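I opened this notebook to record what I looked up on helix packing, sheet order and salt bridges. The entries follow the order in which I worked.

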Amino acid sequence: MNQKFLQTLHKYNIKPTNKSLSACLSEPDRFESFSGRIGDLLLDFSRTSVDQQSLTNLLALAEESGVEVARDRLFGGQDINFTEKRPALHMAMRNDEALAVLDESTIRRVTDNKQRMFELASAFAAGYLPGKPDQVVRNIIHIGIGGSVLGPRLLIEALGISASPQVHFLSSVDAHLRKDLLASLDPAETAVVIATKSFTTGETLLHGRRVLDWMGAAIGREAALQRVFAVSGNQRAVDDFGVSQANTLYLPDWVGGRYSIWSPVSLSAAAVMGEGGFAEFLRGASEMDRHFKTAPLADNLPVLMALTGIWHRNVCDFPAQAVIPYDYRLRSLPAYLQQLVMESNGKSIDSAGMRVNYETSPVLFGEPGTDAQHSLFQMFHQGSDIVPLSFIGVIHPDHDDKEAHAALLANMLAQATALATGTRGLGMEVTDIHRLMPGERPSEVILLDRLSPFSLGQLLALYEHKVFVESVIWDINPFDQFGVELGKVVAKTIQPALENETETVPANYGLNAMMGYIRSK
Ligand code: F6P
């Protein structure tokens with residue numbers, strides 16, 4: 001078992017302090033000492049129980065864990081994805097310095113491919129098929145799952161600057177959504193983007209086949225295939241599917257699915273955001289890369305955020321974390337971060353192949369505010385588990401309803417305050433114990449001046465690097481996802497038995513009773 005992390009915690013005397021959160025909050029300069037800014041993004045972690053001494057100790061932990069060396073290896077294009085023996089260079093999709101570590105022909109391929117993505121996107125935005133101005137495109141069906149859909153969906157909801165073309169998403173293999181969607185669209189005015197890095201993902205390929213059949217039945221298969229575009233790293237499978245190379249954008253194997261928002265996977269989002277908007281999104285992330293790469297650990301926002309995460313997970317023993325964006329445009333951010341955080345750091349084997357004896361990824365979940373206040377917050381205030389929160393707010397909205405925006409931000413700040421101080425900290429006398437809020441519930445607040453392509457790029461890259469720093473400290477690989485494979489294999493053996501009642505499932509799956517029940521219906 002890997003003991004090193006726990007030994008290092010012990011060595012630096014990293015343990016819960018007796019100081020209450022309310023006491024921490026009343027320290028002079030608390031906000032200045034426990035917050036940081038990069039450009040228009042502010043991270044405030046003053047409402048946690050991390051005090052000055054603990055922070056110093058946590059920074060020593062980061063240093064001893066080799067965060068700086070790992071960061072250089074990441075940006076240097078070394079095989080940081082040690083189980084799959086390859087680099088993790090998604091930053092090369094947005095950052096010229098990271099791109100420069102690749103060989104010349106790869107650089108050319110990535111650059112040409114990005115250019116091609118912008119050509120396709122601008123034709124869609126202008127309302128026609130690339131190179132065919134007489135072929136109308138009013139709708140795009142984007143088919144993909146996990147990292148091949150969550151990023152584009154978030155981008156379009158957050159920053160979908162133009163309403164045309166309309167982008168519709170198909171992900172889960174459930175056909176209800178597809179049927180309703182196809183019934184509402186004209187195949188002769190629709191383009192299809194099939195985003196799948198592996199081009200083997202069952203859900204995506206099934207939707208892809210059905211949508212192609214639907215389109216082919218209306219306009220003929222040849223014409224339909226001209227309306228289908230693929231984003232993938234598996235050219236052979238794309239060829240077999242019938243999509244032309246001219247309609248295919250390349251996704252390198254060193255860009256992981258959950259890190260692919262910066263890549264041509266976002267083709268449909270780029271069509272809606274425009275080339276300028278998408279380039280700004282990349283620039284925001286690149287700015288965060290520069291900060292992460294160069295800032296000393298003590299001033300480095302991804303590092304500070306990761307250390308707060310380690311504090312909550314391993315020192316305070318909190319099992320979960322909630323992300324609550326107080327901006328409806330960011331309603332898909334919790335789903336996006338769920339995959340980023342849990343698929344990356346939901347591991348328990350270290351770099352030496354040993355099982356770790358400490359906790360790694362928290363359970364991450366969330367809902368936008370203020371909706372979440374009417375569902376999740378009861379438990380946050382009075383539940384038996386403490387769930388640290390990440391509040392994300394935007395100072396200047398893109399509407400002019402000042403009253404509504406003031407109410408939104410007031411709710412966010414009120415929740416952060418009330419969770420930390422509880423009723424007593426606010427000087428309220430409560431005699432009925434059921435109505436008492438104990439307080440001492442930590443949160444961090446991230447504030448953006450505006451929600452723009454640039455600030456969203458900064459925010460997502462901040463989370464990516466935070467997850468990376470945690471993985472280094474936990475000594476696990478954040479870039480593989482073997483855990484998702486076994487269920488897929490088992491499903492492949494069950495599916496034929498459900499489709500065709502003469503087939504049986506292997507007895508040792510313990511499924512026969514359930515299969516019998518389903519068949520009896
Ligand atoms: O769920 C596993 C996973 O491999 C994710 O990591 C990935 O984002 C998703 O499936 C989709 O994979 P693909 O892009 O290969 O279809």
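Before listing pairs within a helix, I fixed the term: helices here are DSSP runs of H or I with at least four residues, numbered from the N terminus. I also noted that the model is a predicted one.

**Entry 1, a pair within a helix.** I looked up Arg290 and Glu287, whose side chains meet in a salt bridge at 2.7 Å, N to O. Because they are 3 residues apart in helix α13, about one helical turn separates Arg290 from Glu287. I recorded Arg290 as partly exposed at 44% relative accessibility, and Glu287 as partly exposed too, with a relative accessible area of 26%.

**Entry 2, other salt bridges.** My search of the whole structure returned 24 salt bridges. What does the pair Glu97 and Lys293 tie together? Glu97 lies in helix α6 (residues 96-99) and Lys293 in helix α13, so their salt bridge links parts that are 196 residues apart in sequence; the N to O distance is 2.8 Å. Glu97 is exposed, with a relative accessible area of 54%, whereas Lys293 counts as partly exposed at 28%. I then turned to Arg30, which forms a salt bridge with Glu27, their closest N and O atoms being 3.4 Å apart. Arg30 is buried, with a relative accessible area of 3%, while Glu27 counts as partly exposed at 23%.

**Entry 3, helix against helix.** I next checked how α13 (residues 267-294) meets α14 (residues 301-315), and found an angle of about 75 degrees with the axes 8 Å apart. Since angles of 65 to 115 degrees count as roughly perpendicular, α13 is roughly perpendicular to α14. Met288, His291 and Phe292 of α13 make the contact with Leu301, Pro302 and Val303 of α14. By class, I noted 5 nonpolar residues, 1 polar and no charged ones in this contact.

**Entry 4, the sheet.** I traced an open sheet of 5 strands, in the order β6-β5-β7-β8-β9 and with parallel pairing. Its edge strands, each pairing on one side only, are β6 (166-170) and β9 (248-250), and the twist averages 20 degrees from one strand to the next. Within the sheet, β7 (residues 190-195) and β8 (residues 228-232) pair in the parallel sense over 4 bridges, and Ala195 stands opposite Val231 in β8.

**Entry 5, helices on the sheet.** Helix α9 (residues 175-184) packs on the sheet, touching β5 (139-143) and β6, and its direction makes about 155 degrees with that of β6. Helix α10 (residues 202-219) also packs there, touching β5, β6, β7 and β8, and its direction makes about 160 degrees with that of β7.

Terms used
Residues are numbered from 1 along each chain as its sequence is written. This is a predicted model: local features need pLDDT of at least 70, side-chain atom pairs count only at pLDDT 80 or more; totals for chains, interfaces and linings use all residues. Side-chain values use heavy atoms; hydrogens and water are left out. Axes are lines fitted to C-alpha atoms, for helices over the stretch in contact, and angles run from 0 to 180 degrees between N-to-C directions. Helices (H or I, at least four residues) and strands (E, at least two) are DSSP runs, numbered from the N terminus. Angles under 35 degrees count as roughly parallel, over 145 as roughly antiparallel, 65 to 115 as roughly perpendicular and the rest as oblique. Contact means heavy atoms within 4.5 Å. Ala, Val, Leu, Ile, Met, Phe, Trp, Tyr, Cys and Pro count as nonpolar, Asp, Glu, Lys and Arg as charged, and the others, Gly among them, as polar. Two strands pair if DSSP finds at least two bridges between them. A salt bridge is a side-chain nitrogen of Lys or Arg within 4 Å of a carboxyl oxygen of Asp or Glu. Buried means under 20% relative accessible area, exposed over 50%, partly exposed in between (1.4 Å probe, protein chains only).
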